[in-house]
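Work through the exercises below with the model on screen. Try each task before you read its solution.

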Amino acid sequence: MSTRPTAIQDHTIPPGQIVRYSYSERMCHWLSGLSYVYCLISGLALFTPYLYWLAALLGGGPTARFWHPWAGLVFMIATVWMHAIWKRDMSLIDVDRQWVKSIKNYVTNRDDLLPPQGRFNAGQKQFFWIMYYAAIVLLISGLIMWFPELFPLRFNWVRGSAILIHACAALVTIGAFIIHVYMGVFMVPGGFRGITLGHVSRRWARAHHPLWYEQMTNDPSARK
Amino acid sequence: MANGPLQIKAISGHPGPVPGRNTSRDYAVCKLIDVTTCIGCKACEVACLEWNGYPFRETSFDNTYQTMPDLEWNYYNLIRFDEHVDSEGTLSWLMRKDQCMHCADPGCLRACPADGAIVQYSNGIVDFQQENCIGCQYCVTGCPFDIPKFNKETKKVHKCTLCSDRVGVGLQPACIKACPTGCLQFGSKDDMKQRAESRVRQLHEQTSYKKAGVYDPPGVGGTHVIYVLHDATNPQAYGGLPADPHVPWLVRIWKGPLKWVGGLAMTAGIFGVALHYLRFGPKIVDREEGDRGVNQEKS
C-alpha cells in the first residue's frame, strides 16, 4: 500500500513572492468584478436584440431584468468600498502624466523607456477613475430607469435622457473593461494570480511597479 | 373591412425579419372618437372592464366627473374630464376617452428590448404580449401619450388591446358596443377618417365650433384611434392630449445610431486587444514562478 501523495500545501506566501493585495482588497475587487459582469451580461441583453439571448444565460429576460438593478447596487457598494481603500494609491501624480505621455512605449512593450511606477501605474489609475465616475452616473440614471412611474409625461425627457446616458456610460465602462481584462489576464502574466491569490513574484514587482517594490522592501537597488 | 386575421406586422426586440410578413392584403382598422358627442356616461369604461375581466373597485373623488385619477394597469380606458374656459369666457365640459392610440409608428415597440413582447398587427393594432414582457418599462418612456401601465406584482406592463381578441374574430371592440350616442365608431381607417372629416365639416357649417378638426397626429405616422375635437388647435385642453406627439428623439438615438455605434465599438475593442496580443504579446518578466515563455530580452 502506497501512501497518498500530499500535494496540497498550506496557503502561505511561497518563497520569492511578496504580498500584492490583502484578503479584503481581493474581496472588494471580486465583489465589484462579479456584480459588474452580471450587470454587463444582463445589460447587453437589454441593449440590443442581437444579444437578447444573453438573458437566457441568466435565467431569462424577466429574471435578468429583476436582478440587474440589484447587482448594480452591489457594484456601487463595492465601488465605494474600493474608493475608500484605494483612493490614495489611485491619485494621479506628476510621474503619471509623464507615463501617459509615453504610453506608446507601454503599448509596444518597451517598458524600460517608461518612468518607474508605484503600486498602480497610470493606466490602472485611469481605469479606476473611469469606473468610479461611470458607476455614479450609472447609479443615478439607473435609479430613474428603475422607477419611471415617478415622472409624469411632461418629464418624459428625464426618462429618455436617463436611458441614453445609462447606455453611453455603460459603453464607456465596457471599453475600459475589455482593456482591463486583457491586461490582467493576457498582457501581464502574473497579474491575475496577484488579484486572486494575493501575491506576486519579486521579479514581477520589480519590473512592473519598481517604486512600490522599493517601498515594500526598502531596497533602492530594486529600481531599474 | 375591419375584419380579418391578425397578421403580425412588427415585433419588438426581434433581430430577424417578421415571420409571414406581407402575406396578406393591406387593411387597417380604426376607432373614431367624436368628442363632441360624448356625454361622459362611462359605459365604455364598464364594457372595457367587463370584457377584459378586471374588477370594479373603489376610487378617489377629486371633484371632477373622472372615474380614476389616471389609467391603471387594469383600467385601459378612462374618460378624462376637464372644465375649460375659452378666450371668450365660455365654460365647457370636455370629456375625452383616453386609451392607447395604436400609433402607426409605436414608440413603445421601438423602445422594447424583449423579443415579441410588443406586436403590431398589419391591421394597425399594437398589442402587448405579457408572456414575453420582462418588466423593464422602456415602453413607458417610448410612449408619447403616457399609456402603458406597470403591474408591480406581476412585473408586466398592460394597456388597451383595441380588443384584438374580438377584432381578430370579426367583432367590434367592447367600448364601441357600449356607446349609446354613436360617439364611438369602428371600421377601416379610410372609412373612419372620411366620417370624421364629414363630421368636422358639419361642425364648421352648423355650429360655432369653427376650430373643430380631426386629431390623427402625423408625428407618430397617424394613429388607429382618431378624435374629432371641438378645438383641434388646442388638444392639450382635453386632459393633456399632446399637440404634436412623436417618438422621443432620445429613444430614437438610443435605439438607432447608439445601438450600432456601441456594437461596432465593442466588437472593435475585442478585435483590437486580440490583434495587439498577436503583434506584441505579453509582458513576460517572470520565469522563476512557472510562467512559461521567453524572458524580456529585447533591447
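**Exercises on a predicted model**

Chain B has eight helices and eleven strands. Helices (H or I, at least four residues) and strands (E, at least two) are DSSP runs, numbered from the N terminus. Residues are numbered from 1 along each chain as its sequence is written, while chains are lettered from A and ligands from 1 in the order in which they are written. The model is predicted: local features need pLDDT of at least 70, side-chain atom pairs count only at pLDDT 80 or more, and totals for chains, interfaces and linings use all residues.

**Exercise 1. Find the strand order of the open sheet in chain B that has four strands.**

Step 1. Apply the rule: two strands pair if DSSP finds at least two bridges between them.
Step 2. Read the order: β9-β2-β11-β10 of chain B, with mixed pairing.
Step 3. Check the edges. β9 (184-188) and β10 (213-215) of chain B each pair on one side only.
Step 4. Take the average turn between neighbouring strands of this sheet: 25°, direction ignored.
Step 5. Look at one pair. β10(B) and β11(B) (residues 225-229) run antiparallel and are joined by three bridges. Here B:G213 stands opposite B:L229.

**Exercise 2. Which strands does helix α6 (residues 189-206) of chain B touch?**

Step 1. Use contacts: two residues are in contact if their C-beta atoms, placed from the backbone, lie within 7 Å.
Step 2. List the strands: α6(B) packs on the sheet and touches β2 (29-34), β9, β10 and β11 of chain B.
Step 3. Add the angle: the direction of α6(B) makes about 135° with that of β9(B). Axes are lines fitted to C-alpha atoms, for helices over the stretch in contact, and angles run from 0 to 180 degrees between N-to-C directions.

**Exercise 3. Describe the side of chain B that touches chain A.**

Step 1. Count: 41 residues of chain B are in contact with 40 residues of chain A.
Step 2. Name helices: α3 (138-142), α7 (249-255) and α8 (257-280) of chain B each supply at least two residues of this side.
Step 3. Pick the top contributor: α8(B) gives the most, eleven residues.

**Exercise 4. Test the length of helix α6 (residues 122-146) of chain A.**

Step 1. Expected span is 1.5 Å times one less than the number of residues.
Step 2. α6(A) has 25 residues, so the span should be 36 Å.
Step 3. Compare: the end C-alpha atoms of α6(A) are 35 Å apart, which agrees.
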